[in-house]
Structure formats: structure tokens, C-alpha cells
Amino acid sequence: MERKVNALGFVNVDKPSGMTSSAVVNRVKWLTGLPCGHMGTLDPLASGVLPVGVGNATRLFDWFLDKEKEYVAEFVFGVTSDTLDTTGELMPCGGVPSEGAVAAALPRLVGEIDHVPPRYSAKNVNGRRGYDLARAGVSFELPPKRVKVYAFDLLGRSEERADAFRFRIRCGGGTYIRSLARDLGEALGTGGVMSALRRTQSGCFLIGDAIPFALLNEENVEKYILPTENTLPFPELSFSENDRIFNGIPARTAVPDGKYKAFRGGAFYGIAEVKGGRAKIATKLC
């Protein structure tokens with residue numbers, strides 16, 4: 001593919017509902033002419049912040065695994081579904097709880113909790129995606145995983161339907177909002193599924209700064225690429241152009257242990273890790 005832009009970094013895309021995350025990535029890839037990848041998938045039903053790495057920025061995926069995220073979600077109660085959202089086969093299950101009961105149950109799902117990922121998810125099961133196995137009718141179980149939920153706030157009843165409530169959720173990486181809908185329903189003695197979801201933050205990427213997908217084009221895409229170094233929450237560490245660290249030899253330094261944005265002769269180079277007074281390049285991004 002012919003390269004169309006010179007910038008590397010991230011495009012903070014506001015993904016519309018009804019579109020896959022892969023479709024967004026493929027569009028940015030076509031517009032930039034560079035390899036691209038998203039930093040945390042959104043279900044087709046969901047909308048909102050989808051950071052898309054452009055070029056070597058895709059190497060940063062592992063550095064963003066623990067980032068904090070925020071969502072505004074809508075859950076419908078009194079039903080269950082195989083997908084844990086309203087895109088699946090809905091089955092009546094219990095009644096609709098009161099607003100007071102919902103608010104009282106939320107603290108049970110805040111903190112470090114264990115929950116089971118949806119069977120219809122990208123979780124790997126013996127080399128296959130969970131959603132592929134589920135669609136094929138294969139019986140399988142996913143083990144519970146430990147996740148962090150920092151806040152789970154009730155925003156009130158939905159204006160569109162009496163059996164639904166809206167929530168604001170702040171959580172760590174790996175949290176499935178659909179699973180929280182199921183778990184909250186169970187805590188209330190009924191069924192619960194996700195009916196709408198909008199991601200408003202993913203790490204340093206905010207919905208107020210996101211570019212709506214429909215507005216991205218060849219003329220403006222480069223303007224919306226955030227430089228990689230602007231997205232990393234690490235202090236800077238500078239080295240000379242010919243420092244031996246760039247040949248794989250650890251460099252002595254007096255800075256505290258930790259991760260740093262490494263600069264080579266004033267230009268951003270990648271991520272350095274310091275341990276015991278020695279720095280080494282962990283990820284090259286230039």
C-alpha cells in the first residue's frame with residue numbers, strides 16, 4: 001500500500017454504533033496507507049472512543065492494557081440473552097427492579113471483582129474466538145477473570161423504556177460491560193442485558209477530542225494523528241545520538257527505576273526501562 005501520510009501515532013475515532021472496530025481500523029489504514037490497529041475493541045452495538053494506532057504506534061498495545069476506561073451504558077432488566085445484550089435472543093427472566101434496589105446493589109460490583117466474560121466475545125478458546133464457537137453451537141465455559149471497577153453510578157431510568165436504567169462506569173482493562181449487566185441482574189434477582197453503550201474515555205483518549213468516523217477523509221486524517229509521545233504517561237529521558245543504548249547496551253543513569261519516553265538527539269525514539277541505575281530500550285517506535 002502506498003504511504004499517504006508521514007505522521008505516526010493515534011487517531012482518536014468516535015466509532016458509530018452498528019459498525020465493527022475492524023471496519024474503523026480498515027478505513028484508517030486505507031486513508032493513511034500504513035498498518036493500523038485499535039487499542040481495545042468496541043462491540044458493534046457500542047459507540048465512542050476507539051484509539052487507532054497508525055504505523056509503529058501499534059507496538060504500544062501492551063502498554064495500554066491497564067488503562068482506565070469510562071462508559072455510559074444502558075441495561076434492560078427482566079430479560080436475558082445468549083450474547084448478554086439486546087442483539088441476541090431475548091428471554092423473559094424475572095421482573096424490573098425499582099430504582100432504589102438498583103442503586104443499593106451497585107456497591108457489590110465496585111472494586112476488584114471476578115466476572116465471567118461473555119461467550120460471544122473475542123476471548124481465545126483453544127485457538128479459536130469465543131464468538132466463533134458460540135455461533136457454531138459449541139458448548140464451552142470461560143473461566144472468571146479478575147477486573148477492577150472504580151465507579152458504578154446510576155444515572156437514572158431510561159427516557160425511552162421503563163425497564164431500562166442508565167449508568168456511568170469507570171473500570172480497568174479487560175472489563176466486559178455486558179458481563180456487568182448480567183451480574184447486576186443476578187444481584188437483583190432478575191435478568192439483565194446491555195442495550196446501549198458509549199465509551200467516553202480510554203486512557204488519555206477522551207470523547208470530547210474524538211473525531212466522528214464519518215468526518216475522516218484523506219485531506220484531514222493526518223491532522224488528527226496524535227504524536228505517539230503525547231499519549232504516553234511517562235517522564236522523558238534523553239540520550240545523545242550515538243549513545244550505546246541504541247546498540248542494545250544498557251546505559252548508566254541516575255534517574256529512578258521505571259518507564260520513560262526515550263529521546264535520541266532530541267527526537268522521540270521509543271520507551272526505555274530503567275532498573276538499578278541502568279536504562280535499556282524496551283520498545284522502539286521511531
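## Briefing: strands, a buried valine and the largest pocket

Strand 16 and strand 18 (residues 258-264) run parallel to each other and share 4 bridges. Please keep in mind that this is a predicted model. The notes below start from that strand pair, move on to the enclosed strand 3 and to Val 24 in helix 1, and finish with a pocket of about 1300 Å³.

**The open sheet around strand 18**

- Five strands make up an open sheet with mixed pairing, and their order is 16-18-19-20-17.
- Strand 16 (236-239) and strand 17 (251-252) are the edge strands; each has a single partner, so one side of each has no neighbour in the sheet.
- For a handle on the register, look at Phe 239, which sits opposite Arg 264 of strand 18.
- As a reminder, the strands of a sheet are held in pairs by backbone hydrogen bonds, in a parallel or an antiparallel sense.

**Strand 3 and its partners**

- Strand 3 (residues 47-54) is largely enclosed by the rest of the structure, because 8 of its 8 residues are buried.
- Strand 1 (residues 9-15) pairs with strand 3 in the antiparallel sense, over 7 bridges, and Lys 15 is placed opposite Gly 48 of strand 3.
- Strand 2 (residues 36-38) is also antiparallel to strand 3, with 3 bridges; here His 38 has Val 52 as its bridge partner.
- Strand 12 pairs with strand 3 in the parallel sense over 2 bridges, and Gly 48 has Arg 199 of strand 12 as its bridge partner.

**Val 24, a residue of helix 1**

- Val 24 belongs to helix 1 and has a relative accessible area of 0%; that is under the 20% cut-off, so Val 24 counts as buried.
- Beyond its neighbours within four places in sequence, Val 24 is in contact with Val 13, Lys 15, Met 19, Leu 50, Val 52 and Phe 213.
- Two of these names will be familiar from the strand pairing: Lys 15 faces Gly 48, and Val 52 is the bridge partner of His 38.
- His 38 is 14 residues from Val 24 in sequence, while their C-alpha atoms are 8.6 Å apart.

**Strand 10 and its neighbours**

- Strand 7 (residues 111-115) and strand 10 are antiparallel over 5 bridges, with Glu 112 bridged to Lys 148 of strand 10.
- Strand 11 (residues 164-171) pairs with strand 10 in the antiparallel sense over 7 bridges, and Ala 151 is bridged to Arg 170 of strand 11.
- Strands 10 and 11 form a hairpin, with 6 residues between them.

**The largest pocket**

- The largest pocket holds about 1300 Å³ of space.
- Its lining has 44 residues, and those nearest the centre are Thr 41, Leu 42, Asp 43, Ala 122 and Tyr 176.
- By class, the lining splits into 18 nonpolar, 13 polar and 13 charged residues.
- Strand 10 (145-157) is among the elements that give at least two residues to the lining, as are helix 1 (21-32), strand 4 (69-77), helix 3 (130-135), helix 4 (177-187) and strand 12 (192-202).
- Which element provides the largest share of the lining? Strand 10 does, with 5 residues.

**A backbone detail to check**

- Leu 84 lies in the loop between strand 5 (79-81) and strand 6 (90-92), and its phi is near 70°, a positive value in a residue other than glycine.
- For context, a negative phi is found in most residues other than glycine.
- Leu 84 is buried, with a relative accessible area of 11%.

Key: Residues numbered from 1 in each chain as written. Predicted model: local features only at pLDDT ≥ 70, side-chain atom pairs only at ≥ 80, totals over all residues. Heavy atoms only, no water. 1 Å grid on protein atoms, 1.4 Å probe; cavity = no way out; pocket = protein on both sides within 12 Å on 5 of 7 lines; lining within 4 Å. Points joined across faces, edges and corners; volume = space filled by probe spheres on them. Nonpolar A, V, L, I, M, F, W, Y, C, P; charged D, E, K, R; others polar. Pairing = 2+ DSSP bridges. Buried < 20%, exposed > 50% of the residue type's maximum accessible area, 1.4 Å probe, protein only. Contact = heavy atoms within 4.5 Å.
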